[in-house]
Amino acid sequence: MPELPEVETVRRQIAPRLVGRMVVEAGSHPSAKFTPARDVTGARFGEASRRGKYLILPLDTSQELVVHLGMTGQIRFRDGPADDSDRHLRAWWQLEGGDRQSAETTETMEFADVRRFGRLRVVPAGDYRSIPTLHNAGPEPWDPGLTEQVFWARLNTSRRALKTQLLSQRPIAGVGNIYADEALWLAAINPRIVRIGRARAGRLLEALRDVLEQGVENGGTTLRDYRNADGEEGSNQHRLRAYGRAGQPCLRCGNELRSSQLDARTTTWCPRCQAR
C-alpha cells in the first residue's frame with residue numbers, strides 16, 4: 001500500500017498540473033467509494049497537499065477532494081477524454097485547458113485501481129471526521145512540534161507492539177509496513193516491544209524521518225503495483241535494508257534476518273541488532 005513517500009511523489013507531480021484548473025465534467029464507477037468524484041464538477045482546484053497517506057485536493061467551493069490510493073490506486077493524466085475501455089478506471093475528471101493555457105482543449109485526470117481498495121471523499125475543507133484514520137492521524141514526520149519528548153509520550157499511550165502503534169498512524173502519520181520495518185532496523189529497535197525510553201524514542205523518530213526522506217528522494221518504493229503519476233516505478237526498493245530481506249544477511253552485523261507475523265503484518269528484523 002502506498003505510504004507517505006509514494007503519496008508525496010504523486011502530490012508533487014500532480015500539483016502543478018491541477019492548480020487553478022476547473023473540472024468541466026466528471027464520472028466514476030458506480031461504487032460509493034468512487035462516486036464522490038462526480039461531486040466536484042464545476043469546481044476549480046487549488047494547491048494539492050498531503051496528510052499522511054492521503055492526497056488532499058482543495059476546491060474553490062470550500063471543500064476538499066480526499067484521495068486514498070489503497071493498494072493499487074494510480075492517478076494519471078490523459079490528453080482528451082477518459083479511456084472508457086480501461087476496466088480498471090474508477091473515476092475521472094475532465095479539466096479545462098489541456099495545455100493549461102487554452103480553454104479550447106481538454107485533459108483528463110484519471111484514477112485507476114485494479115483491486116478497488118482506494119477511496120474518494122469530498123468533505124468540508126479541513127473536516128475529516130468522516131475519515132477516522134485521517135481525522136485521528138498523528139503529526140506529520142517533519143512537524144516542528146513533533147519533538148523527541150512528544151513522540152515518546154505519544155508512543156507510551158498504548159500497550160500494543162511498537163510496530164503496530166506506528167501502523168495505526170496515531171503516533172506519527174504516513175508510516176506503513178515498509179518504512180516501519182526500515183526505521184526500526186535503522187534504530188536497532190525490536191518491533192515487538194511495547195515500551196521504549198525517551199532516548200530510544202528520539203532515535204526511532206530520527207530513523208523514521210531518514211527512511212521517509214530517502215523514500216521521497218527515490219520516488220517511492222515499487223514492489224508490485226505502485227506507479228507514480230507519470231506511470232513510472234519508484235527506485236527505493238533497491239535501497240531497502242530490512243523489509244522483504246528475510247533470510248538474507250543483516251547489512252549491519254551479517255546475521256540472518258528473520259520474518260514473522262506481527263498483528264497480521266509481515267515483519268522483518270535482525271534478531272541480533274534488534275534483540276528485545
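Student: Why is E233 called partly exposed?

Tutor: The relative accessible area of E233 is 46%. Buried means under 20%, exposed means over 50%, and partly exposed lies in between, with a 1.4 Å probe and protein chains only. E233 is therefore partly exposed. Please note that this is a predicted model, in which local features need pLDDT of at least 70 and side-chain atom pairs count only at pLDDT 80 or more, while totals for chains, interfaces and linings use all residues. Residues are numbered from 1 along each chain as its sequence is written, and side-chain values use heavy atoms, with hydrogens and water left out.

Student: What makes the contact of E233 and R227 a salt bridge?

Tutor: A salt bridge requires a side-chain nitrogen of Lys or Arg within 4 Å of a carboxyl oxygen of Asp or Glu. For E233 and R227 the N to O distance is 3.3 Å, so the pair meets the definition. R227 has a relative accessibility of 24% and therefore counts as partly exposed.

Student: How do you know that E8 and R12 form a salt bridge, and where do they lie?

Tutor: Their closest N and O atoms are 2.8 Å apart, so the pair also satisfies the 4 Å limit. Both belong to helix α1, residues 4-18; helices (H or I, at least four residues) and strands (E, at least two) are DSSP runs, numbered from the N terminus. Because E8 and R12 are four residues apart in α1, about one helical turn separates them. E8 has a relative accessible area of 9%, and it is therefore buried.

Student: Which parts of the chain does the salt bridge of R50 and E140 link?

Tutor: The side chains of R50 and E140 meet at 2.7 Å, N to O. This pair links distant parts of the chain, 90 residues apart: R50 is in strand β2 (residues 49-51), and E140 is in the loop between α2 (132-135) and α3 (148-155). Both R50 and E140 are buried.

Student: Why does M71 count as partly exposed?

Tutor: M71 has 32% relative accessibility, which means that it falls between the two limits, 20% and 50%. M71 lies in the loop between β4 (63-68) and β5 (73-79).

Student: What makes the chain as compact as a globular protein of its length?

Tutor: The chain comes to six helices and 10 strands. Its radius of gyration, taken over C-alpha atoms, is 20 Å. The globule rule, 2.2 Å times the number of residues to the power 0.38, gives 19 Å for 276 residues. The two values are close, so the chain is as compact as a globular protein of that length.
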